[in-house]
Every structure is written in C-alpha cells, then in structure tokens.
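Welcome, and thanks for taking a look at this one with us. Below is a short tour, grouped by topic, to read alongside the structure.

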Amino acid sequence: MRLANPFRTLLRRPSQGRRRWGDLAFRGIVTIGAGAVVGVLVAILWILWTGSSQSRAAFGLGIVTNPTWDITTNVFGLLPMIDGTLLTSAIALVLAVPIALGSSIFLTQLAPKALPSALKAALAQVVDLLAAIPSIVYGFWGLFVLVPYMRTTVDPGLRSAYDRLGNLVAPTVHAVSPGASAWAGTHSPFTGTIIGEDVLSASIVLAIMVIPTVAAISRDALAAVPIPQREAALALGATNWEATRRAVLPYARSGIFGASILGLGRALGETMAVTLVIGNGLAPPTSLFNSGSTLASLIATQFSESTGPLEYSVIIEAGLILLLITLGVNIVARAILWRFQSPGGAGGD
Amino acid sequence: MDATKMAAVGLSASYGRGPAITDINLEFGPNSATAIIGPSGCGKSTFIRCLNRMHETAPRATVTGKVFLDGEDIYEQDPTAVRRRIGMVFQRPNPFATMTIFDNVAAALRFNGRHSREETDKIVYESLQAAALWEEVKDHLFAGATSLSGGQQQRLCIARALAAQPEVLLMDEPCSALDPISTAKVEDLIFTLKRTYTVIIVTHNMQQAARVADRTAFFYLGKLIEVNDTKEIFERPKEKLTEGYVSGRFG
C-alpha cells in the first residue's frame, strides 16, 4: 500500500532503489516474526489435537467430568486434575494477591520519610529476585521445609481451629439454616489423614511463586498513577491510606487486575514445584489435606511411564485442556480489561 | 491590612539539595486575594505548598520556620486537619479520574467525617454553584469527570476544594493549563471567592495578578523581594528587581 506522501519529493534521495529493498527486507522480516508467533501457537494446538485423537474418540467431552483414573480398566478421567489445577491456583491467588499488593503499596505509597529511597530500591530488587528463582528450588524448599512443617504444625492447627470455630458458630448457623449447618458439618475442607504433601501445601508454594510476579507488575501500575491524583486527595485532608484507597488504587485497578491474571497464568501452568509437594494422588481431592494432581503435574509424572497408547493420548489431551484453560483465562482477562480500561489507559497491562 | 488570617514566619524549604525558598516572612489578610508572582524557579509554588504542608509529601523535602493560621502554627498540628482548613487547587486540573463529577465533589466530604445523603447533595450542589460549573454539568452529574473540558475540570477541582469548606484557598497557577475563555471564567470566580475566603494565588501572568489580587508579593531566587498592594507593586515598585520584572525586562 502506498499513500501519497507530501514529503516524498522533499525526502527523495539518490539511494531510492536501495531504500526500497531495505524496506522490503524489513517488512519481510517482521512479517515472518509475527507469523512465527501465530504459527507456533497453531502448531502446538495442532499437535495436541491430533495427539489426543484416540483419547477424544474413547472418552469424548465426558473426560472433563469423569473422576476415575484407573490404569487397570483403561478408564482415564481428567476431573481430578482439572479440579486440582483450578483449586490450587485459586487458593494461591487468594493468598498471594493481598501480600503482593501490600508490598507494592508499601513500596510506592508510604511517606518518603518513613522509608529511605535506597532501602525502597533494595526491597524492590528483592521482590524481583524472587521471580528469578527456578521453580525446582521452590519445589525442594516446599518438600523439605514446608511439607514437614505443614504436617506437624499448620495442618493440625487449622483443623482444630476450624472445628473450634465450627462448634462456636454451629448453633447460630443451625438456627438460620439447618441445611447449611449439616452441609458445613460434613464438608470440612480439613478432613482426612494429614500427610503434608497435599493440595494446601501445593497452593502455598504456588502462592509464594506468584507473589513476585503480581507484586512487580502491580508496583509498576501503582507507580504509574500520576502524583497529582494522590495529591488531590491529600490536599483535601485525606490520610495516606484514604488517598491510596480512594485515588491511587482505583486508578491502577486494571493494572492490578492484569498483574493478578498473569500470576494466575503462572500458577495454572506451574509444574515442577507442584509435582514435588502435591502428593500426586489420582482421586479428586475432597479436602485440602488430600493429595492431588494438577494437569501439569499429571503430565510430568505419568507421561514417561504411560502404559499404553490410550493413556499417552489422554495425557496429551490433558496438555490441550491446560492450554485451553490458560488461553481462556487470558481472553477473559483481556475482555475485562477492555471494559474497565483505566483512565488514560495507564497501567493497562 | 487590618487583620492576619495566615502568616509565614522565617519559612525556608528545600528538596534535599540547595534551598528552594529562604526565610520568607509574609502575611495574608482575611477575605482578600494575594498574588505571588515571579519568574520560573523562584520558589513560589514551593512556598504555597508549604502553606498546607503538601511540600513535605515530596521525597527529601525539608521545611523550617513557622506558618500561623489564626495564630497557631500549622506545623504543630495534624497535617490532615490542616489541609481540611486550607484547600488547594493545582496547576493542572486533577479531578479523580475514576470518579463521576458528583463523586469528585463528594470525595471532599468523605475525607472529612460522615455526612448524610441530603447534606452531601446540598454541599455538592452549592460547591458546583460556587465554582460556576453547576449549569454546565447539572444534566450529567454522574458522567466521568474526565469527560469535561480542561477548563471545566479545573472548576470541578475548585468546587471539590470548596466542598471541604476550607478557610483558605491556595491556587498554584490555576489557569496555566487553560485557554483564555476558561481563564476568564476562573478569574471571575477568584474575584467572587475572595469575598468569602483567604485566597493565595501563584501566577505567572502579571495581568492576572493585577486583575484579581488585592496584594501582590514578588519572589525572586527563593526570596521574597517585595510585597505591597497590587496597584503599588505594578505602578510604584520600591525594588529595582520588582520593577524589572513587572515592566517585562526579565522573567
């Protein structure tokens, strides 16, 4: 496409011919680059799609609601892993976002007198460093430090706290709704044998891994809020917290949301660390103290020892489903970001 | 000047390096407008940001000296309480970008204790009236504040400052980002506001100072060179520097 350019005659140089070749080459290279990105995604989808054809033929869409994984009868349902993936990621996000947001508010909004800027920069560096730790290291830490501690201290503590709280509020809940009371009595999230290698441990490790991502990006979003927005609130007599809550956080909300979604994306696909601490149970978890699997940990543990072409194919389908979940999360997030775009587009993502 | 609403005594401030203003002594009478003029970088913005303790929110900022409001040093008081009594309008319009027009004005009340719905509605209405914006926004009070033009946004910021019911109104070059028509509207407004408030306005524009201010102070290189009735400053300045500046020889 060639548009009339009023400066064309002014800018004409003797090397016109060479310039056109340069342009052509440039355009070719960037087009290949752009095409390659799309091509890789399509190729991955294609390979996962064809590789899982046997599985799809055998189980159809029902595979996502089938809770049974039984090698002896060749029944492979992916519900436990989908459950495990969504549950651990959701808990991780719930644990990580407040902490990450707290750290980024601390670093961007606290009065300068309270925190010298050199210390601030150092703290920000530490947060960024956490993101660079390889996931296997988090996994080892989880296995050797977190899991034993969960088993001996945290898990029993949580269970007794839940029971005590339950006994405390049970009469009230029962009075309001006997049904809810009965349901809560039989649906404690803290039942089962405490082994330490469980859904809760995996969620906590994931949370720790997600914190630096969410913290670093939400920090950028908060730092991008124009200072006059904050000053407007302070000048009206707002306290530091009020200015942050009413002026700064709303302005940065889409950036913070984007940060959380990126964190979620990381949690959904995390493999090594989860595999080491989740216990790799193949039944659907009914308690946070049950062992479980995620789609990613299933692939890591079962792929190399799959017993036949059908299981092999099912594991490829697990990869397909994981890819679709992460794509879906990103598409939904993007749609939400478009709807609630921050003013001036700042901190978009 | 028969009474003093506000007074700076021996006020110096810096941003960590050299001083931005040095030993300023300046009084402000009630129900009058004082203009602060001077070339860029003379410390006039720093000075008024010291008057509501906003200066200290900047990194490495320091302030020494006293600022009296009704005879009491604001640096001995809670800064949030001080800022409720001393409103501020900034150089560039800065309405809360995520709030509606209505909420921008109501936000001032939110930081100042609880108010009933009726009370809030009434104060928002009065503030928008006082800022000469009501007629233009009454049909879309719940539209986003950033949908307004720059001049309207600045009057919204004035309305917001008024809603907090301050005693003193600081204005830091409030028209520098506005077109001439919006500027005229804001100047008319300042003319009305000074009957009720103590208005202190920093301006680059000498005609503006001459039009709206009862008294004018000339700052140069962080020092107060001269302060007097506006007419005197522009017609019979006592200092050579002032004369040079108001006659346009430098600045």
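K231(B) and E235(B) lie four residues apart in helix α9 (residues 230–235) of chain B, so about one helical turn separates them. Their side chains meet in a salt bridge, with an N to O distance of 3.5 Å. Please keep in mind that this is a predicted model. From this pair we move on to the other salt bridges, then to the interface, the cores and a few individual residues.

**Salt bridges**

- Side chains of opposite charge can pair when their charged atoms come close.
- Over all chains, the count comes to 17 salt bridges.
- In the pair described above, K231(B) counts as exposed because its relative accessibility is 55%, over the 50% cut-off. Its partner E235(B), at 48% relative accessibility, counts as partly exposed.
- Another pair within a helix is K122(B) with E126(B), whose closest N and O atoms are 3.3 Å apart. These two residues are four residues apart in helix α4 (residues 117–130) of chain B, so they too are separated by about one helical turn. E126(B) is partly exposed, with a relative accessible area of 38%.
- K185(B) and E136(B) also meet through their side chains in a salt bridge, at 4.0 Å from N to O. This pair links distant parts of the chain, 49 residues apart: K185(B) sits in helix α7 (residues 180–193) of chain B and E136(B) in helix α5 (residues 134–137) of chain B. Both ends count as partly exposed, K185(B) at 35% relative accessibility and E136(B) at 29%.
- Which residues are linked in a network of salt bridges? They are K5(B), D70(B), R85(B) and E167(B).

**Where chain A meets chain B**

- The contact draws 21 residues from chain A and 27 residues from chain B.
- About 1900 Å² is buried between chain A and chain B, and carbon and sulfur atoms give 64% of that area.
- Three residues, A235(A), L236(A) and R246(A), supply 33% of the area that chain A buries against chain B, more than any other three residues.
- How many salt bridges are counted between chain A and chain B? The count is one. R49(B) forms a salt bridge with E231(A), and the closest N and O atoms are 2.5 Å apart.
- Five residue pairs are in polar contact across the interface of chain A and chain B, with both residues at pLDDT 80 or more.
- On the side of chain A that touches chain B, the elements giving two or more residues are α9 (227–235) and α10 (240–251) of chain A. The largest share, seven residues, comes from α9(A).
- Sorted by character, that side of chain A divides into 12 nonpolar, four polar and five charged residues.

**Nonpolar cores**

- In soluble globular proteins, nonpolar side chains tend to be buried together.
- The largest nonpolar core has 87 residues, and F47(B), L51(B) and L128(B) have the most contacts inside it. Helix α3 (residues 101–110) of chain B gives the most to this core, with seven residues.
- Apart from this core lies another, of 53 residues, among them L78(A), F190(A), A318(A) and A333(A).
- Leaving aside residues up to four places away in sequence, F47(B) touches A8(B), L11(B), I21(B), I24(B), L26(B), F28(B), I36(B) and F219(B).

**Backbone angles in chain B**

- Most residues other than glycine have a negative phi, and most peptide bonds are trans.
- D23(B) is not a glycine, yet it has a positive phi of about 50°. D23(B) is found in strand β2 (residues 19–28) of chain B.
- R53(B), also not a glycine, has a positive phi of about 60°. Where is R53(B) placed? R53(B) is in the loop between α1 (44–51) and β4 (62–69) of chain B.
- With a relative accessible area of 10%, R53(B) is buried, because that value is under the 20% cut-off.

**A buried loop residue in chain A**

- N66(A) has its place in the loop between α3 (53–59) and β1 (69–70) of chain A.
- Is N66(A) buried or exposed? N66(A) counts as buried, because its relative accessibility is 18%, under the 20% cut-off.
- Not counting residues up to four places away in sequence, N66(A) touches V75(A), G77(A), L78(A), L79(A) and P80(A). One of these, L78(A), is also named among the residues of the 53-residue core.

Conventions: Residues numbered from 1 in each chain as written. Chains lettered and ligands numbered in written order. Predicted model: local features only at pLDDT ≥ 70, side-chain atom pairs only at ≥ 80, totals over all residues. Heavy atoms only, no water. Core = buried A, V, L, I, M, F, W, Y, C linked by side-chain atoms within 4.5 Å. Buried < 20%, exposed > 50% of the residue type's maximum accessible area, 1.4 Å probe, protein only. Contact = heavy atoms within 4.5 Å. Buried area = accessible area lost by both parts, 1.4 Å probe. Polar contact = N/O pair within 3.5 Å; in protein donor to acceptor, adjacent residues only side chain to side chain. Nonpolar A, V, L, I, M, F, W, Y, C, P; charged D, E, K, R; others polar.
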